[in-house]
Amino acid sequence: MKWRELTKAAASTAMGLALVACGGHDRNDASAQGNAPPPTAEAAIAKLENAGAIPKLDRSASLAGPDVDGNGVRDDIDAYINGKFTDAKQRKAVLQAARAMQKSVLVDATNKDATKAVSLQIDAALDCVSSVFRQADNLAASSKVSEKIEAITANTKQRLVAYLAYNKSQDGTTSSLARGDTCE
């Protein structure tokens with residue numbers, strides 16, 4: 001699957017998550033007919049997080065979010081990756097992808113040189129994830145991993161808007177497939 005297709009799929013996922021986070025729900029449900037009111041978006045998200053159905057994510061207004069250890073990955077995403085990936089090579093590859101995705105949210109989308117550098121880092125990280133998961137005979141999982149990291153990185157309206165601005169800055173640009181070992 002090409003990066004642009006992954007980007008569109010993840011943007012759709014992220015927009016759906018943003019809708020849920022912003023309180024969008026079906027007004028024609030049983031609660032609209034006089035039954036108990038539906039839970040708030042925050043309560044529904046907390047319930048899913050507590051059940052382990054979705055990762056517990058930072059939802060602050062900060063684009064960067066907390067990164068206490070300074071590794072370039074938000075602490076909540078760090079915790080998700082460390083809990084989800086027990087294989088050291090896979091964990092390292094996914095952390096590389098998360099670091100590159102975080103940069104896409106933080107980059108000045110009007111700076112073409114900066115966005116191109118981030119694009120190259122994302123391409124290398126996605127290639128690394130693919131190669132590591134291919135070695136583990138689990139190539140199909142690599143695109144799901146990439147989509148998940150993209151979605152949880154752009155988990156708030158502010159982050160989604162910044163990520164979409166980065167993607168828009170890439171319209172009309174080209175890139176080459178990475179060569180050699182792209183893992184950090």
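**Exercise 1. The contact of α5 with α6**

Task: Identify which residues of α5 meet which residues of α6, and describe how the two helices cross.

Solution. Step 1: On the side of α5, the residues are Leu126, Val129, Ser130, Phe133 and Arg134, and they meet Leu139, Ala141, Ser142, Val145 and Ser146 in α6. The structure considered here is a predicted model.

Step 2: Sorted by class, this contact of α5 with α6 holds six nonpolar, three polar and one charged residues.

Step 3: Two packed helices are described by the angle between their axes and the distance between the axes. For helix α5 (residues 112-135) and α6, the axes come within 7 Å and cross at roughly 145°. The crossing of α5 and α6 is right-handed.

**Exercise 2. The overall make-up of the protein**

Task: State how many helices and strands there are in the protein, and what share of its residues counts as buried.

Solution. Step 1: The protein has seven helices and zero strands. Read from the N terminus, the order of elements is therefore α-α-α-α-α-α-α.

Step 2: The protein has 184 residues, of which 38% count as buried.

Step 3: Among contacts with a separation of 6 or more, 65% are between residues 24 or more positions apart.

**Exercise 3. The surroundings of α3**

Task: Determine which residues of α3 are buried, and what the cover of these residues includes.

Solution. Step 1: The buried residues of α3 are Asp76, Ile77, Asp78, Tyr80 and Ile81. Their cover includes α4 and α6, and each of these helices is taken up in turn.

Step 2: Helix α3 (residues 75-84) packs against helix α4 (residues 88-106) at an angle of about 160°, and their axes are 10 Å apart. Angles over 145 degrees count as roughly antiparallel, so α3 is roughly antiparallel to α4. In passing α4, α3 makes a right-handed crossing.

Step 3: From α3, the residues that make this contact are Ile77, Asp78, Ile81 and Asn82; from α4, they are Arg91, Val94, Leu95 and Ala98. The contact of α3 with α4 comprises five nonpolar, one polar and two charged residues.

Step 4: The axes of α3 and helix α6 (residues 139-153) come within 10 Å and cross at roughly 155°. The two helices, α3 and α6, are therefore roughly antiparallel to each other. Their crossing is right-handed.

Step 5: In this contact, α3 contributes Ile77, Tyr80 and Ile81, while α6 contributes Lys148, Ile149, Ile152 and Thr153. The classes in the contact of α3 with α6 are five nonpolar, one polar and one charged residues.

Step 6: Comparison of the lists shows that Ile77 and Ile81 of α3 appear in the contact with α4 and also in the contact with α6. An α-helix has 3.6 residues a turn, so residues three or four places apart point the same way.

**Exercise 4. The environment of Arg59**

Task: Locate Arg59, state whether it is buried, partly exposed or exposed, and list its contacts.

Solution. Step 1: Arg59 is placed in the loop between α2 (41-51) and α3.

Step 2: The relative accessible area of Arg59 is 35%. Buried means under 20% and exposed over 50%, so Arg59 is partly exposed.

Step 3: Apart from its neighbours within four places in sequence, Arg59 contacts Ile45, Glu49, Ile54, Asn155, Thr156 and Arg159. Arg59 and Thr156 are 97 residues apart in sequence, and their C-alpha atoms are 6.1 Å apart in space.

Step 4: The side chains of Arg59 and Glu49 make a polar contact (2.5 Å). In addition, a polar atom of the Arg59 side chain lies 3.1 Å from the backbone oxygen of Leu57.

**Exercise 5. Two serines**

Task: For Ser104 and Ser169, state where each lies and whether each is buried or exposed.

Solution. Step 1: Ser104 has its place in helix α4, whereas Ser169 lies in helix α7 (residues 157-169).

Step 2: Ser104 has 0% relative accessibility and therefore counts as buried. Ser169, with a relative accessible area of 5%, is buried.

Step 3: Leaving aside neighbours within four places in sequence, Ser104 is in contact with Val118, Ile122, Ala162, Tyr163 and Tyr166. On the same basis, Ser169 is in contact with Ala109, Lys112 and Thr115.

Step 4: A polar atom of the Ser104 side chain lies 2.5 Å from the backbone oxygen of Met101.

Note on methods: Residues numbered from 1 in each chain as written. Predicted model: local features only at pLDDT ≥ 70, side-chain atom pairs only at ≥ 80, totals over all residues. Heavy atoms only, no water. Axes fitted to C-alpha atoms, helices over the stretch in contact; angles between N-to-C directions. Helix = DSSP H or I, 4+ residues; strand = E, 2+ residues; numbered from the N terminus. Parallel < 35°, antiparallel > 145°, perpendicular 65-115°, else oblique. Left-handed = near helix turned anticlockwise from the far one by under 90°. Contact = heavy atoms within 4.5 Å. Nonpolar A, V, L, I, M, F, W, Y, C, P; charged D, E, K, R; others polar. Buried < 20%, exposed > 50% of the residue type's maximum accessible area, 1.4 Å probe, protein only. Polar contact = N/O pair within 3.5 Å; in protein donor to acceptor, adjacent residues only side chain to side chain.
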